[in-house]
Amino acid sequence: MQGEKNGLKSLILQDAPQRYYIHCFAHQLQLTLVALSKKHPDVKKFFYVVTNVLNIIGTSFKRRDLLRQHQVEKLEELLKSGEILTGQGLNQEHGLQRPGDTRWGSHFKTLENFMIIFSSIANVLKDMKENSPHDLDKLAVGNLLDKIQKFEFIFVLRLMFKMLFLTNELNKALQKKDQDIVNAMGLLNLSKRRLQTMRESGLESLMDEVSSFCGKHDILVPEMTEDYPRSKCRKSEISYLHHFRVEVFYAVIDLQLQELNNRFDVVNSDLLLGMASLNSVDSFANFSKSRIMKLAEYYKSEFDDNEL
């Protein structure tokens, strides 16, 4: 579609330079996540570890059965202790499915399941580490197990899940066949406001959630006032708190907001809202004179000042 020389966009613009190209909005949302995972090193490492865990467990029938067995044992344990209740639709089995590259919702579901069955995943990796006949496999699995049982991994896991949760409503609206553009634009702005609010006042609650999760799974929580170890060779000049607050929390949310603003820019929004105003559905329910005027202003070759 967007090939520089022979893409459909280029061919149409050669014939009609005044045209505008608007990429599929559902795919644009997915591309914000792709860009984020490439631009932020901690997010990049996080998805690399998650993908490797999914590949190791998900590609083997034996390991998937082992994962189910651990889930059943954990469920029985929780039922006996009274921590969870029985009932129709409750306590259903959760699997590990690799997220689709073009599906925002699949990433959301994968991370949600990863948190729900975290102890079962860790137990499968422990079993593999102890029972694998090959030393290299033991080493690789042990390395993954160490990584997922670190505070840093859990922090990014909870952060990414929360961000995907805040924008999941927008994702669902963009996946519909008969999209309500006005509603989708409203949800886009709502998602950006939610992310901004999270940036301003959501760190403390996120830290509490991460610490609670780590406590349940016997994961060491670092002392936040201590120096964050950047490398073994040189002394760090920042604390753990500074690292997680500024270099991860603020940086990741800022990148996500930047990508949303870049990919869903003002021109695209104006064009789509203007077109939606011309939609005759429900007796022109979305009609707006100001939006139609704005739409016309983008086509200078079609509407001169007098015609406007």
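A residue counts as buried when its relative accessible area is under 20%. That cut-off is used throughout this tour of a predicted model.

Start with helix H12, residues 266-277. Its buried residues are Asn268, Ser269, Asp270, Leu271, Leu272, Leu273, Gly274, Ala276 and Ser277. That makes nine of twelve, so H12 is largely enclosed by the rest of the structure. What do these buried residues pack against? Their partners are helix H2 (25-39), helix H9 (181-201), H11, helix H13 (281-284) and helix H14 (289-297). The length of H12 can be checked too. At 1.5 Å a residue, its twelve residues should span 16 Å. The end C-alpha atoms lie 16 Å apart, which agrees.

Helix H11 is one of those partners, and it holds Glu259. Is this residue buried or exposed? Glu259 has 4% relative accessibility, so it counts as buried. Leaving aside neighbours within four places in sequence, Glu259 contacts Thr32, Ala35 and Lys39. Val34 is 225 residues away from Glu259 in sequence, yet the two C-alpha atoms are 10.0 Å apart in space.

Now turn to the largest nonpolar core. In soluble globular proteins, nonpolar side chains tend to be buried together. Here the largest such core has 75 residues. Ile148, Phe155 and Met160 have the most contacts inside it. Helix H8 gives this core its largest share, 15 residues. Take Met160 as an example. Beyond four places in sequence, Met160 touches Leu33, Leu36, Val43, Phe46, Phe47, Leu111 and Val252.

H8 (151-175) also helps to line the second largest pocket. This pocket encloses about 640 Å³ of space. It is lined by 24 residues, and those closest to its centre are Lys45, Lys150, Glu152, Phe153 and Tyr228. Helix H3 (41-58), H8 and helix H11 (240-263) each supply at least two lining residues. Which helix gives the most? H3 does, with six residues. By class, the lining has 14 nonpolar, three polar and seven charged residues.

Finish at helix H1, residues 8-15, where Ser10 is found. Ser10 has 13% relative accessibility, which means that it counts as buried. Leaving out residues up to four places away in sequence, Ser10 touches Gly3, Glu4 and Lys5.

Notes: Residues are numbered from 1 along each chain as its sequence is written. This is a predicted model: local features need pLDDT of at least 70, side-chain atom pairs count only at pLDDT 80 or more; totals for chains, interfaces and linings use all residues. Side-chain values use heavy atoms; hydrogens and water are left out. On a 1 Å grid over the protein atoms alone, a cavity is a set of points where a 1.4 Å probe fits but cannot get out, and a pocket is an open set with protein on both sides within 12 Å along at least five of seven lines; lining residues have an atom within 4 Å of a point. Grid points are joined across faces, edges and corners, and a volume is the space filled by probe spheres set on the points. Helices (H or I, at least four residues) and strands (E, at least two) are DSSP runs, numbered from the N terminus. Ala, Val, Leu, Ile, Met, Phe, Trp, Tyr, Cys and Pro count as nonpolar, Asp, Glu, Lys and Arg as charged, and the others, Gly among them, as polar. The expected span of a helix is 1.5 Å times one less than its number of residues. Buried means under 20% relative accessible area, exposed over 50%, partly exposed in between (1.4 Å probe, protein chains only). Contact means heavy atoms within 4.5 Å. A nonpolar core is a set of buried Ala, Val, Leu, Ile, Met, Phe, Trp, Tyr and Cys residues joined through side-chain atoms within 4.5 Å.
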